[in-house]
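Work through the following exercises with the sequence and the model side by side, attempting each task before reading its solution.

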Amino acid sequence: MIVYILCFILFLVGLYGIITRRNLIKIVISLSIMEFSVFLFLVLIGYIDSGVAPIVDPGNPTEKYVDPLPQAMVLTAIVIGLATTAMLLAIAIRLYRKYKTFDIREINNLRG
Amino acid sequence: MNSLIPIFVIVPLATAFLIMILGRIINGFQKTVTPLILLFLTILSFYFLINNNSNSFVYSIGGWEPIENVPIAIYFVMDGFSLILLSIISLIGFLASIYSISYISKFTSENNFYSLLCLMITGMNGVVLSGDLFNLFVFLEISVISSYALVAFGTQKEELEASFKYQVLGGIASFIILFAIGLIYWRTKTLNIADASIFLSSGNSNTFDLFIQILLITGFGLKAAMMPFHAWLPDAHSSAPSPISAMLSGVLIKAAGIYVIIRLFFNMFVASEEISILLTTLGTISMVIGVLLAIGQWDIKRLLAYHSISQMGYVVLGIGIGLIIIARDGKPSIAALAIAGGLFHMVNHAVFKGLLFLNAGAIEHRINTRNLKEMGGLSKEMPVTSGTSFVASMAISGIPPFNGFFSKLIIIIAAIQARFYLLAFLAVFVSIITLASFMKFQRYAFFNKTEHSNKSTLKEVPFPMVFSMILMGILCLLFSLLAFPGIREQILGPAIEVLTNTDQYVKSITGI
């Protein structure tokens, strides 16, 4: 159980970072932390103590296998996360070129 | 018929890649192929909607059959509810792409624009067709990531800032949704919506379910810009190019937000009173506060964006009342009426808000400002824009005989029949303020007399833009026919049947 709680704490660390950090790059990093806490959680769901990789061995039918579906989900989600992070960083670089700063307090054209 | 379902995903996806390859070689390829493909999808979806929408079609990817009644394939499910969404996605997408032909020519890299538009439509079609939670998440991300890029398409200061804000909030929403999907998998050991529904309805519900539902409301509420999570919407929708604003406001917040909320809370979870009251409250708050924030705006696209929040509040209100009645085992006819009102308003909002954003784009195209104070007297120079925006303003403020009147009326009647008198009163009140706000828009933009510096060069926008606006104006009138008995049962009936009768939805997928 302690692993799940640590995982949730990691999620909250990411959320805290997004809310409190002022630097665009640090916000992106916080978002990645949050993202990976979710991936960690998904992998944990499928994990079984002393389970092995899910390749069915006809000679040994009583073998315990870990759940392969969350692993497939995490692989897909990592690719999606890569796209999100790349997009965020691209926008952050363009913002830096326009404003010459990464500080969100100075990037505040949109109000109200 | 079943094998035609993947066309809705494959065709726009293939077009997106073809545009990037062939668009460089063949001149004007992107401009012709995108509207044609979307017209084809529109015709196909309307054909399904009119002929066969009482059946639900199931397509299993890879042809995997259920083993011992456990569905193992990834399913595409096309039922009455998905078909309504599919039709409006293709229709608004088609009109927006026609409109883009002249609008987007002032930007560079048109290929990227059309390619991203196709990808966005792929994602939204996938979301509404998917019968599998994780697949739904993947398609959701396809559509929102392309919309992040489209919001930043102008690459000016405001666009980039809005896109960054949208991405951070959208990213939080995505991971909350993924977390909730993980929890659902943990609890039910399945990702199929129908299969999960069997598990959730057989076991007794506990606080764990409640936690999952609240996570889902937070995640999809962020995508749908319901009130406490609305901060990104006015920035993102006002910064995007106008046809994209029409797509975002008209379709994306519905397909990626409201649709999934409705589908999961009606067809997957057992209706619980706490959650349905929470949804109704969120809807009411968005409805009231959205319109109060809108009334002070002077930027036309921001004004329209705040009205989107308010109008989506109506949809959630209608759906929420339906869910409360189902949870309390009330009269099914009132629940059906409330859901019909919500769905009908969702369709109508796509049409009139799409049209209003196209009008705003037309104004911006000609006089290069979005500030209402700098406009005025445009009705003489731009008669079509003026006329169609008048139609759309009347439709959104609920003036008969336009479509917005009928859907609001149905929601209000349902609220009165269900004895939520306060909600009915608030719906009427918000409608009046909406009218006031659009009177301001009409007066300052089209009728007030002010001197323009470039008055002599001011003329109506090019033909493709005019064409889309007129067609949408006609649809505003035409969709009011959906309120009448006969047509309503034909189009909205099957969708309500799917939502209120979970067993049948489950049966059509698992075959149990």
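**Exercise 1. Determine how many helices and strands chain B has, and why its radius of gyration can be called compact or not.**

Solution. In this predicted model, the secondary structure of chain B comes to 20 helices and 2 strands, where helices (H or I, at least four residues) and strands (E, at least two) are DSSP runs numbered from the N terminus. The radius of gyration, taken over C-alpha atoms, is 22 Å for chain B, close to the 24 Å that the globule rule gives for 512 residues, so the chain is as compact as a globular protein of that length; the rule itself is 2.2 Å times the number of residues to the power 0.38. Along its principal axes, the C-alpha trace of chain B spans about 75 × 60 × 45 Å.

As to conventions, residues are numbered from 1 along each chain as its sequence is written, and chains are lettered from A and ligands numbered from 1 in the order in which they are written. Because the model is predicted, local features need pLDDT of at least 70 and side-chain atom pairs count only at pLDDT 80 or more, while totals for chains, interfaces and linings use all residues. The mean pLDDT (the predictor's confidence in each residue, from 0 to 100) of chain B is 89, and 98% of its residues reach 70 or more.

**Exercise 2. Compare the length of helix α16 of chain B with its expected span, and find what its buried residues pack against.**

Solution. The expected span is 1.5 Å times one less than the number of residues, and for the 15 residues of α16(B), residues 403-417, this should be 21 Å; the end C-alpha atoms are 22 Å apart, which agrees. A residue is buried if 20 or more other C-beta atoms, placed from the backbone, lie within 10 Å of its own, exposed if 12 or fewer, and partly exposed in between. By this criterion, the buried residues of α16(B) include Phe406(B), Ile410(B), Ile411(B) and Ala415(B), and the buried residues of this helix pack against α12, α13, α15, α17 and α18 of chain B.

**Exercise 3. Identify which residues touch the most other members of the largest nonpolar core.**

Solution. A nonpolar core is a set of buried Ala, Val, Leu, Ile, Met, Phe, Trp, Tyr and Cys residues joined through C-beta atoms within 7 Å. Of the 217 residues in the largest one, Ile92(B), Met124(B), Val127(B), Ala255(B), Ile258(B), Ala415(B) and Cys476(B) touch the most other members, and α13(B) gives the most to this core, with 21 residues.

**Exercise 4. Locate the cis peptide bond and decide whether Ser109(B) and Asp329(B) are buried or exposed.**

Solution. Most residues other than glycine have a negative phi, and most peptide bonds are trans. A cis bond nevertheless joins Pro400(B) and Pro401(B), with omega about 5 degrees, and Pro401(B) has its place in the loop between α15 and α16 of chain B. Ser109(B), in the loop between α3 and α4 of chain B, has a positive phi of about 50 degrees, and it counts as exposed, with 11 C-beta neighbours inside 10 Å. Asp329(B), found in the loop between α12 and α13 of chain B, has a phi near 60 degrees and is likewise exposed, with 9 other C-beta atoms within 10 Å.

Note on methods
Contact = placed C-beta atoms within 7 Å.
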